[in-house]
Amino acid sequence: MERLAWHNGSQYFGIIGISTDDYADKAMTLLRDTHATISQFIDHELRMENMLGASRLPLTVLVAADGRILLKVYGARDWDTAETRALIDSTFRNESREKASSGASLP
């Protein structure tokens, strides 16, 4: 995810890491030691995990600007590959087309 955040084509979306680790201090230490630059949220009470219906982890969720879940991807991925960037692009491109065809204004 960190590499994806630095990719030139990622300006049209934001990345937020959500950790459900039992030991938040260890998660924060890892993030600090790896010099993570993306925003991070520690889900102490598993609210996000439950809200997103995460039946297994890791889970990546693509969310529209209005909060609608567009896609859930379970399992680890290299998110900076051409294939996964194409998946992200097509998901958000389809979202934009649906908004345009419904008459909703685009950002």
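## The aromatic pair

Phe-13 and Phe-92 are both buried in this predicted model. A search of the whole structure returns 1 aromatic pair. That pair is formed by Phe-13 and Phe-92, whose rings are stacked, with 6.2 Å centre to centre and 5° between the planes. Because Phe-13 is located in the loop between α1 (2-6) and β1, while Phe-92 belongs to helix α4 (residues 82-101), the pair ties together parts that are 79 residues apart in sequence.

## The nonpolar core

Phe-13 and Phe-92 are also members of the largest nonpolar core, which comprises 9 residues in all. The other members are Leu-4, Ile-15, Ile-38, Leu-62, Val-73, Trp-79 and Ile-88. In soluble globular proteins, nonpolar side chains tend to be buried together.

Trp-79, one of the core residues, is in contact with Met-1, Leu-4, Thr-60, Val-73, Thr-84, Arg-85, Leu-87 and Ile-88, when neighbours within four places in sequence are left aside.

## Ser-19 in strand β1

Strand β1 (residues 16-19) contains Ser-19. Is this residue, Ser-19, buried or exposed? The relative accessibility of Ser-19 is 10%, and the residue therefore counts as buried, the cut-off being under 20%. With residues up to four places away in sequence not counted, Ser-19 touches Ala-27, Phe-41, Ile-42 and Asp-43.

## Charged side chains over tyrosine rings

Two tyrosine residues, Tyr-23 and Tyr-74, each have a charged residue over the ring face. Lys-26 lies over the face of Tyr-23, at 4.9 Å from the ring centre. Over the face of Tyr-74 lies Arg-56, at 4.1 Å from the ring centre.

Terms used:
Residues numbered from 1 in each chain as written. Predicted model: local features only at pLDDT ≥ 70, side-chain atom pairs only at ≥ 80, totals over all residues. Heavy atoms only, no water. Helix = DSSP H or I, 4+ residues; strand = E, 2+ residues; numbered from the N terminus. Buried < 20%, exposed > 50% of the residue type's maximum accessible area, 1.4 Å probe, protein only. Contact = heavy atoms within 4.5 Å. Core = buried A, V, L, I, M, F, W, Y, C linked by side-chain atoms within 4.5 Å. Phe/Tyr/Trp six-rings, centres within 6.5 Å; stacked < 30°, edge-to-face > 60°. Lys NZ or Arg CZ within 6 Å of the ring centre and 35° of its normal.
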